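Please take a moment with the sequence and the model that follow. We will walk through some strands and sheets together, and then turn to the ligand.

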Amino acid sequence: MIREIQTQPFDDQKPGTSGLRKRVSVFERPNYAENFIQSIFVCAGTGEGKPLVVGGDGRYLNREVIAKVLAIAAGNGVEHVLLGQGGILSTPAASNLIRKYGAFGGIILSASHNPGGPEGDFGIKFNSANGGPANERLTGQIFEFSKSITTYRMAELDLPDIDQTGSFDLAGMRLEIIDPVADYAELMEEIFDFGAIRSLLASGFSFVFDAMHAVTGPYALEIFANRLGVDPKAIRNAVPQEDFGGGHPDPNLIHARWLAELMFDDDAPDFGAASDGDGDRNLILGKGIVVNPSDSLAILAANAHLAPRYRGGIAGIARSMPTSAAADRVAEGLGVPLYETPTGWKFFGNLLDEGRVTICGEESAGTGSDHVREKDGLWAILLWLNILAERRVSVQQIVADHWNRFGRNFYARHDFEGLEAEQAQALLIALQGSLPELRGRSIGGLVVTGAESFSYHDPVDGSVSENQGIIVRIDGDRRIVYRLSGTGTSGATLRMYLDRWENDALLFNEEPGAALAELALAGAEIAQIEKHTGRTVPSVIT
Ligand code: G16
């Protein structure tokens, strides 16, 4: 039976950088999730017989919201749903399933790297038929609809045990519960030379992976242990937990600290890696080295031809605007185009669909290619392994060779977290207002050569996205970027990104904090950070 249920709209269901992310307590309000899910079906349609892919990263509320998605999907006339067993799908695996099975889209339940559990965060995201996050036009429509919703349609379903695979007929909707790992593992085998990676790993090369109690545990065990022969003991924190074991599933030096410490031990493994809550981000480390995500993008692009799928070369590279310009030099060297997009993976979709780019990446630890339409943590780790298998040198050596060839981009992101939204807005408005006078000014000896607000003109569909961050260019290949985070769930976070290119090999081993010290001071001065926020130091530097 289908019931039409009366509801009241909420005014805060505007998707951010990547879907709707809020505190669990917000999603627990009566009708909150239901309203948003109904709004998705009204705006994105119900597929006319094509499947809908559904799954999440297993965090607290995953199962409850999956039951709601299924009931509302059936209530709206979706005919076919592919659900990951146990409600589990990593974000890149969901993207692959949408593409592989011709789905009209997917609903992914995740707040990515944000913490989980009753006090943590939750999120709902719609991905379109190309497998990628919905574009701004569609998320705008969903938001508009959510502001005036009055009813949602829900079928009364007798749900099977979702921990077992199988095919079920539920009120006229076919529900297929599928192995969440199999199709993804098969895709990875098609892209990479598993034979070469196996022989590298069998040669005494040691590898440790941290799944951070998040979604990639089962994927890592199947791919690294079962298919590539890694000792399962080297796959750490591999059991997904609703609260990520009380941790913060963000693969960085703060939240994957044990791994970072291990990699600087005397008997460190050769290669270390981690991924985040929903499996789309990655952290790459070698013995005694952390690879900066922007460098990782550039290195992967420069070496991609060593993996079978990219043997014929890459069509182009895309990076988000705040990501360091390291990839630009690779694109120049390879003679392929470089696209600079706003932050958010959704902006890469058109470029990938049109075949203009093959490799994409962001400073926020996301890298990916045209194999899916999401960033992909395990893909990045496997591409590193494939490159290491071909080159048979250390991670440190690969990074050093890269800097010697292209120069080094010293890079850091300074986050000022927990600001009042008004404070952060006031800072940006004042900064925006000061742009015309900035050009030519000297700040602490650094001369501003340009200052602008970043607008993106999508070369494929002609859409324009304005106010995507402020760029201040400084003499001598340096750049400061400011923007507000679009993924937080409380207050505002100001991000200040620092990028400085250096081509003198004698300076490559300088500590990034020291190499960027002058630029950081100038950045704080230009944006008057202390005046607007009272902060003299960032909350986190990554
Ligand atoms: C999401 C998007 C990424 C983006 C990141 C930026 O990452 O998918 O494309 O780079 O947000 O976050 P912010 O707006 O906070 O700077 P994820 O991994 O959270 O889905």
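Let's begin at a turn: in the hairpin of strand 8 and strand 9, alanine 171 takes a positive phi near 50°. Two residues lie between the strands of this hairpin. Bear in mind, as you look at such local detail, that the model is predicted. Strand 8 covers residues 166–170, and five bridges join it to strand 9 in an antiparallel arrangement. To trace the pairing, start from leucine 170, whose bridge partner in strand 9 is methionine 173. Then find phenylalanine 168, which has leucine 175 as its bridge partner in strand 9.

Which strand runs parallel to strand 9? That is strand 4 (residues 80–88), joined to strand 9 (residues 173–178) by five bridges. Here histidine 80 stands opposite arginine 174 of strand 9. Strand 9 therefore offers an example of both senses, as strands of a sheet pair through backbone hydrogen bonds, either parallel or antiparallel.Next comes an open sheet of five strands, with the order 11-10-12-13-14 and mixed pairing. Its edge strands are strand 11 (235–236) and strand 14 (289–291), each of which pairs on one side only. Further in, strand 10 (residues 207–210) and strand 12 (residues 271–275) run parallel and are joined by four bridges. Phenylalanine 207 is found opposite phenylalanine 271 in strand 12.

Another open sheet has seven strands, in the order 20-21-24-25-26-19-27, and its pairing is antiparallel. Why do strand 20 and strand 27 each have one side without a neighbour in the sheet? Strand 20 (442–443) and strand 27 (540–541) stand at the edges with a single partner strand each, so one side of each has no neighbour there.

From the edge at strand 20, we can step inwards. Strand 20 and strand 21 (residues 446–453) pair in the antiparallel sense over two bridges, and isoleucine 443 stands opposite leucine 446 in strand 21. The hairpin of these two strands has two residues between them, and glycine 444 takes a positive phi near 55° there.

Strand 21 in turn pairs with strand 24 over five bridges, in the antiparallel sense. Alanine 451 has valine 472 of strand 24 as its bridge partner. Valine 472 also leads us onward, since in strand 25 its bridge partner is isoleucine 480. Strand 24 (residues 470–474) and strand 25 (residues 478–484) are antiparallel, with five bridges between them.

Now for the ligand, which sits in the largest cavity. How many residues surround the ligand? There are 18, and the closest are Glu362, Arg483, Ser485, Thr487 and Arg495. By class, this shell holds one nonpolar, ten polar and seven charged residues.

Three contacts to oxygen atoms of the ligand are worth picking out on screen. A polar side-chain atom of arginine 21 lies 2.8 Å from one ligand oxygen atom. In the side chain of arginine 281, an N or O atom is 2.7 Å from an oxygen atom of the ligand. Glycine 486 contributes through its backbone, with an N or O atom 2.7 Å from a ligand oxygen atom. Taken alone, the ligand exposes 470 Å², and the protein buries 99% of that.

Definitions and conventions. Residues numbered from 1 in each chain as written. Predicted model: local features only at pLDDT ≥ 70, side-chain atom pairs only at ≥ 80, totals over all residues. Heavy atoms only, no water. Near = heavy atom within 4 Å. Polar contact = N/O pair within 3.5 Å; in protein donor to acceptor, adjacent residues only side chain to side chain. Areas by Shrake-Rupley, 256 points an atom, 1.4 Å probe, with all protein chains shown as cover. 1 Å grid on protein atoms, 1.4 Å probe; cavity = no way out; pocket = protein on both sides within 12 Å on 5 of 7 lines; lining within 4 Å. Sits in = over half its atoms within 2 Å of the grid points. Nonpolar A, V, L, I, M, F, W, Y, C, P; charged D, E, K, R; others polar. Pairing = 2+ DSSP bridges.
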